Amino acid sequence: MLAAATSASAVASATHGSFPVLTALIVTPLFGAVLALIMPTRRPEYARIVGYLATAATLGLALYLLVQFSGSTHGYQFVENHSWIGEFGVRYVLGVDGISLFMVALTALLFPIGLLASADIARPKAFTVWMLVLESALVAVFLSLDLVLFFVAFEFVLVPMYFLIAGWGYANKVYAATKFFLYTMAGSAFLFIGLLTVAVLYHRAGHPFTFDVRTLTAWTSAKGNISKDVGRALFLAFCVAFAVKVPLFPFHTWLPDAHTEAPTAGSVVLAGVLLKMGTYGFLRFAIPMFPQAAVDLAPILLISAVIGIIYGAIVAAMQPDLKRLVAYSSIAHLGFVVLGTFALTTQGIEGGLFTMVSHGLTTGALFLLIGMLSDRRHTRQIADFGGLWKSVPILAGLFIAATFASIGLPGFSGFVGEFLALVGTFITHRWYAVVATTGVIFAAVYLLWAVQRAFTGEPEGENVGLRDISFRELATVVPLLGLSLFLGFYPKPVLDRVKPAVDDLVAHVQQTTNYHAPSVSTNGASTNGAP
Amino acid sequence: MNAFLALSSAPTRPLAVPPVDWVSIAPELCLFGAALAIVMLRALVRRSPRVFDFSVVIGVVGIVASGVCTAVVWHVVHDNGPYQAIKGMVAVDGFSVFVRTVVLIATFLALLLSVGYLKREALDGPEYLALMLLSATGMMVMASANDLIVVFLALEILSIALYVLAAFDRRRLESQEAGLKYFVLGAFSSAIFLYGIALTYGATGTTSLTGIAQFLAANHVGHPGVLVAGFAFLLVGLGFKVAAAPFHMWTPDVYQGAPTPVTAFMASATKVAAFAAFLRIFVGTFPLYGVDWRPAVWGLAIASLVVGTVAALVQTNVKRMLAYSSISHAGFVLIGVQVATRSGTSAALFYLFVYAFMAIGAFAVIGAVARKGDARHDLEEYRGLAGRQPLLAGVLTVCLLAQAGVPLTGGFVAKLGIFKAAVDVGQYPLALVAMLASVVGAFVYLRIVVTMYGGGESANPADGVVPVDLATRAVLAVVVSAIILVGILPGVVLDFARDATLLLVGAR
């Protein structure tokens, strides 16, 4: 098994020359962080420039990866494999496939935008350093193919994020940052025990110690290697960690606080990328490693997702704070991702992945726009706004566009993702899909209601004579909305690259379990999503 | 009458002096020599104001020489394999070399911390340095002791010097209290330990650890009551020294009261030495009776984790907070002891290695922030520290995050080793409790970090920038580099810890 996995990867990596692009993706922001750190504190613009350059270089590398990535190859590409902690069998294994590709691209896209949006932030040097460290850790999360390396990155993400929230957040930042750190760390505790157990079980079966995801996945998913109960326990241990990150319904309470109190760039990254670490974890680890348990226990996660969709929407509608509203809407959006994922159909998982990308773009744009409003009015209370359409027409127009994108209006990426996810779910879990679909309507309700209260009518008091959007601010929002629009009309570039990995995953689940996705579905639905 | 004659004639036999393998005890002799030299210097040159500075130099030279000798011993072990010296009293093996190395590093760093501290507090007596070196000598002996009597001697050498060190800041009531408390409870635990030795001797007929292991392997102990009682007493005595709950009652008071560099020394070096004895006696000598002692250590580990973490939660005094956290770290190391495997032993050693740096770094910052008088340990003193002194706050943050087990610090690799060892033998409950303890522990450390970084100025207007002397800066730099380096490239130390196997690693 090991030989098969490594030889397959060797073929893939051999085709792409020797430039370690994945390591470069991790190291570039880190190098930038070190460089920014040694810049003089008295000249903060130096650090800021280093930040722009480093994130732009990372974005360039990510684009190179997107172009070089082969949409027809199955398995991981650009694999790098080196020894790291030999004593424990921990290796430095990186690789990218359709599932992780767009997460890396999204990360690389959101960071320069986040930095650009934070040009006026206090203590820019420290802010830049933490942002770059965070980017490096996040890229490492999505590229790691070694469980311990993944865990290292997964946990380490907390540190820069903690300091970003605690250092640059709003009024209640310390409480929010601490809650965020402890919640996610508590979740990771189970993941840590789980991954150690997997490695030890594999070792006990007479194999050399390894944490290589490919080897372990092949072993744990094969029938008869681990008992049903052990598989379920391990699956749940993994799931708790990822469910906290997503966050799934009962584990979500850290999210509104963290999102609301974080600085704008922090919220963008938090919603855009950090939450996806959870859904990515399901797709990369929990489902392929324990497919039988995933099939058996899927209803738990599906119910949780549906509750999240409905509950997130209802609570969002009640929020007086615009940022908190969007935070709750994230719970609903991520609910669609989990729903599609645990439908375990090609369409569902593709839809989930697409929603992950789309949510990163649209929610990122929304947080940026809310940040701009909050900079101008020093409040985020919907009741304090009113008539903004007349005082800041361009900003208001973009806000409404972002709202439509977030609702999932056809033509925006949100529609493609949620549509695919719901179709995928409908095939296997009809009633879940039916109930979840009402969430789409709720989304329209809470967002449009907020838009109506904040933007329509006549501006009064401080809402009169606000400065409209600046060029720099425009440069942060337009790429996100533009991409959302582009992918809404033409999702093919994403879906094509995602498909092999998703097909592999679904085939893997079907081969290793008694589960079969109904075959009637596969033709019609996928062409619907990718015209 | 005849009997008396027979008795009195017995000593006429020439006393058999075992051949002394000087290499095996050279590291201890270097330290001991340095301590004696300092005492002599003090006795002979009373008036010179330079005595203290000379003493520092002597101390550093002694530690470096001891380090060189340890390296030589390592080469001997590496080339010829582990052996016993001086009639089986001393074990020369990778384990003792590793422990000695950690003790030396910790002593060196604590000594550097002490220099600035003693000058600041106007306590700069060379006696302090001599006592610290003597205590370190005891720890070094402990690392290689292969006989229960030698273990006891080492325990006393290290403890008696520490009692005095704890009370060294004699003008501070807390320091006096710490010394007295440590002395009374320490003496009590030594007595219990000695009783344990007696019972073990009664059950096996020897005090040599090798001899005991061989006896237990060759004979079936029909009524193991005496032996098990011996285990129990040894366990209590050692549990006291490593500050494991429920024998931890002295720890918060003594750690808080003792001069801060002494606290750093106790948390790092003493812990390592005491755990060395723990591992050598229980894992190395009694592996066959694991059924009897492992459940007890299991209980100690859980109790230490829970008590240490939960009690740390409610503290507002940072020094006391870290004293409790050191109890929970003892719990982590005890997991490595409890599993009683090779990987457990090396995981415990690695943990102790990393913890030595984390503890010294944290206490170094605490000592600096406390300012003259060594009394300002309240959490409020740290408010806004990151704004006033970002480097100092940064060092403390790294040390605390490492203690919380955050990846890319040595603390993570250390915890990884411990958890792996526990999961390896199927100790899932232990692993889970430890994992939850580290989450709750993270909250404790974050509280300090939050106070430093979360804005707001200190309520005390007298606050300014706290002075940090050069030696302390050096210590901080070393500590942070070590923590991060070990976190990213742990290979070298892990290999060292893996080779640090006990002379008698038992059954498994």
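**Helix α8 of chain A.** I began with α8(A), residues 173–204, whose 32 residues reach 46 Å from first C-alpha to last, close to the 46 Å expected at 1.5 Å a residue. That expected span is 1.5 Å times one less than the number of residues. Helices here are DSSP runs (H or I, at least four residues), numbered from the N terminus. This is a predicted model, where local features need pLDDT of at least 70 and side-chain atom pairs count only at 80 or more, while totals for chains, interfaces and linings use all residues. Residues are numbered from 1 along each chain as its sequence is written, with chains lettered from A and ligands numbered from 1 in the order written.

I then checked burial: 25 of the 32 residues of α8(A) are buried (20 or more other C-beta atoms within 10 Å of their own, C-beta atoms being placed from the backbone). Just after α8(A), I found Gly206(A) with a positive phi of about 95 degrees.

**α2 against α3.** In chain A, I saw α2 (21–37) and α3 (44–68) pack at about 175 degrees, axes 9 Å apart (lines fitted to C-alpha atoms over the stretch in contact, angles from 0 to 180 degrees between N-to-C directions). That makes α2(A) roughly antiparallel to α3(A) (over 145 degrees). Their contact residues are 16 nonpolar, five polar and no charged (Ala, Val, Leu, Ile, Met, Phe, Trp, Tyr, Cys and Pro are nonpolar; Asp, Glu, Lys and Arg charged; the others, Gly among them, polar). Phe31(A) is among those from α2(A), and Tyr64(A) among those from α3(A) (contact is C-beta atoms, placed from the backbone, within 7 Å).

How values were computed
Helices (H or I, at least four residues) and strands (E, at least two) are DSSP runs, numbered from the N terminus. A residue is buried if 20 or more other C-beta atoms lie within 10 Å of its own, exposed if 12 or fewer, and partly exposed in between; C-beta atoms are placed from the backbone. Angles under 35 degrees count as roughly parallel, over 145 as roughly antiparallel, 65 to 115 as roughly perpendicular and the rest as oblique. Two residues are in contact if their C-beta atoms, placed from the backbone, lie within 7 Å.
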